[in-house]
Amino acid sequence: MAETLLELTSISKTYPGVRALDDVSLRVYRGEVLGLIGENGAGKSTLMRVLGGVIAPSEGVIRIGGNDLARMTVSEATRAGIAFVHQELNLFENLDVAANVFIGREKLTGGPLKLVDNAQMRARVTPLLERLGADFTPNTPVDNLSIAERQMVEIAKALSIDARVIIMDEPTSSLTISETERLLEVIADLKAHDISVIYISHRLGEIMTCADRVVVLRDGRTVGELARHELSHAAMIRLMIGRDLKALYTPPKRSPQPGGCDIVGLVTIAYPDRQIDLSVRRGEILGLAGLVGAGRTSLARAVFGIDPLLGGEIRIGDAPVGVASPRDAIRQGIYLVPEDRKKSGLVLELPIRENVTLASLLNYARMWLVNGAVERKIAKEQVRSLSIKAPSIDMEAVTLSGGNQQKVVLGKWLSMQPRVMFFDEPTRGIDVGAKSEIYALMRDLADQGVAIVMISSDMEEVIGVSDRVAVMHEGAVSGVLEREQFSEYNVLRLAIGQALETVEAAAP
Amino acid sequence: MMKKELGLCLLLAVISAITGAINPAFLSLVNLLNMANLIGLFGVFALGEGLVIITGGIDLSLGSMFALLGVVFIDLLTTYQIYWPFALLLVLLGGLALGGIQGFLITRLKMQPFIVTLCGLLIYRGAARYYTSDSTRGFGYGDEASTLSTIASGNIGGIPNTFIFLIILALILGVLLHRSVYGRWLYAVGKNEEAARFSGISTNIVIATAYIISGGLAGISTVLFVFYTNSVSPSSFGNFYELYAIAAAVLGGCSLRGGEGSILGIVLGTALLQVLQNLVNILGIPNSLNFAVMGTVILVGVLADQQLQARRRRKAALASLARTAPRSTLVQAKQSASPPRVAALPTRTGDQA
């Protein structure tokens, strides 16, 4: 095999009461793409932070460039050629591309005046951008760039420090399909230039495409390593969760009833020249698939009254309903579980109790005074029925895990009477156990007669959980699939705006 | 949550005891009642300022509002000889209206509170000076409003009415802020406006209402101050008073980031400020150091509070770490808690670790 670039031996990291890493050993060879996978909390991010010099391991040795180190500092890691492309991009939106690439290592001019030499920095960044095939210039403000383009800036930054290992943590979680393909091409190009990439992702398909070798972590330990020829979804999943994959789908208890929600000719501010027609029946889970930016979230925001409607009509059970504000929507029983629960779903610093009752408080207040006893009762009911793991309803929401936070958002709505519920990426950033609980809750709600729209970019979730799937493309619904038509292929065709092949569409 | 207020009480007691020990005149009845009067005067509008600060905003216009409403009020009573209840009502409505305009600009036209109320500060002061041609307005020798004067500046059993007003208003606002749905919304909006909106709260109305309440309390304060000084000099009346209110609110535990603070805290903050002013006088500290003492105490107070909070958070974080320690058992618990009929094992997992 090729030269070993970097070797971690028996790395452990202990926090008070937690063993985040337990005797992990890892080797990175020159010019390889190493896939790193594992469940939530498996220790991937901790391991990468050790590599980046952000945290010191409690035990173990880092061997880099022939030196054995007990720990590294961030600048040592940088000097050793380790660069990060972060999950949440760490760029300064108010600065241009060149300034971001050279942030903290600005080229200076003017001698003692120490002025920033913009011209030189731009000149240096231009070839890097060309190499990555980016179609923006070094003086473009980062504010104007898409997420994929920002990633290119991060990679350019890595190249500018002559990185030998680039760590990518969930790089494709918000990319469109074509952007993902572009990134995978860039990775192949990096590899061809002898740069190693550590690729952390939950998207096993991408790992299959690009990784030469996969290391699987579970509970802070290395549980397996797969060579390129051993890679398969099933093998990776088995190592990650130690079990075989079973079907996600639970069929509805009874067939969906009419009288759900009909959206007719709806025009949103995101696509003022497109109309959306969509109907979801009572008792079904309608998956809403599409590429990022296809207008799914805009649709949910418009129906929930956050954004104004530019046209069209929303009907529930054939009666048109007006939604000028979230308040109106809530009155009609239309609820939204938003995409970003920390920003839009919860007031993190408030206790669970106050979050659960935030939307319904007025319903059981007397003379506008909060009825504390009823409030506590309702909060306790939700905590129990959703099995939210918390020592008390007075704990601040910020102390909960992602899954439990999402359940608090759900509890807020379930303490009232939902008729139509929109779930926008309901399981993003949530661990496996909580995920299946949320699927079960959605199914329960559907069985109680609620019409459910589940927006999801997770193909397995869309196909595995939905009763039907509607696919959006550039602001309009490009097709609706019945269960027998479900396939990744069909969803993708509709998502990129192509019609279904007739054979596929006609299949029973 | 009450720890902050308890700490303030303690601080207040310690400072009073020390000052009293150095100069017993501090604890004399006359001095205490005088302080109570000032606490009442400065507390009423600090309550409004506190509500605004809890929304994450700020109201810089209060002092100028006093000047403008004050000259109008005196003019209504003296020049126009309007029956005092109507004059009182008009000044109150004036305060509510100014608050409403500011609230409208901030919520509907999305202007920054600092800018809107800073412009208010300049505009109202200018208007008051122009309206009076910069001359001081006062009451003549007639008793235009002797009843109102008695109500505003009198006392019941020695206790200044201003202090009694403050207690009554604090009780009302305390219920509003800590017991009512509106209060809950106010905190939610202050902490996370977007999540509040996603919960169906009309955040614009909630925020604008805070400015309107602040304006209304400024109207009441105007009347109390007018009868305290018996005249209004438009260029100096109420100067810097908004800063006293902000200082009291911050000292009382309000965060300028919004979502934090309590009515009791604001009242205690006001009391502490007045005690400090009094202490400067009574201990013979040069009066010119007045502001410097105030500034130092606020600085130290807020710093100490932050340090204490950080320590509490660290402790809480350690406690929760210890609780979640055995990760494997936690995972098992989670899985057994999920409904058994769901054999769902998604292959993609989110990651926050």
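Here is a short chat about a sheet in chain A and a helix pair in chain B of a predicted model.

Biologist: Before we start, what pLDDT do local features need in this model?

Modeller: Residues are numbered from 1 along each chain as its sequence is written, with chains lettered from A and ligands numbered from 1 in written order. This is a predicted model, where totals for chains, interfaces and linings use all residues, side-chain atom pairs count only at pLDDT 80 or more, and local features need pLDDT of at least 70.

Biologist: Which strands stand at the edges of the open four-stranded sheet in chain A?

Modeller: Strands here are DSSP E runs of at least two residues, helices H or I runs of at least four, both numbered from the N terminus. Two strands pair if DSSP finds at least two bridges between them. The order is 14-13-16-17 in chain A, with antiparallel pairing. Each edge strand has a single partner, so one side of it lacks a neighbour in the sheet: these are strand 14 (276–282) and strand 17 (319–321) of chain A.

Biologist: And which residue stands opposite A:Ile316?

Modeller: Strand 16 (residues 311–316) of chain A pairs with strand 17 of chain A over three bridges, in the antiparallel sense. Facing A:Ile316 in strand 17 of chain A is A:Ala319.

Biologist: Over in chain B, are helix 3 and helix 4 roughly parallel or roughly antiparallel?

Modeller: Helix 3 (residues 62–78) of chain B packs with helix 4 (residues 84–107) of chain B at about 155°, axes 10 Å apart. Axes are lines fitted to C-alpha atoms over the stretch in contact, with angles from 0 to 180 degrees between N-to-C directions. Angles under 35 degrees count as roughly parallel, over 145 as roughly antiparallel, 65 to 115 as roughly perpendicular and the rest as oblique. That makes helix 3 of chain B, relative to helix 4 of chain B, roughly antiparallel.
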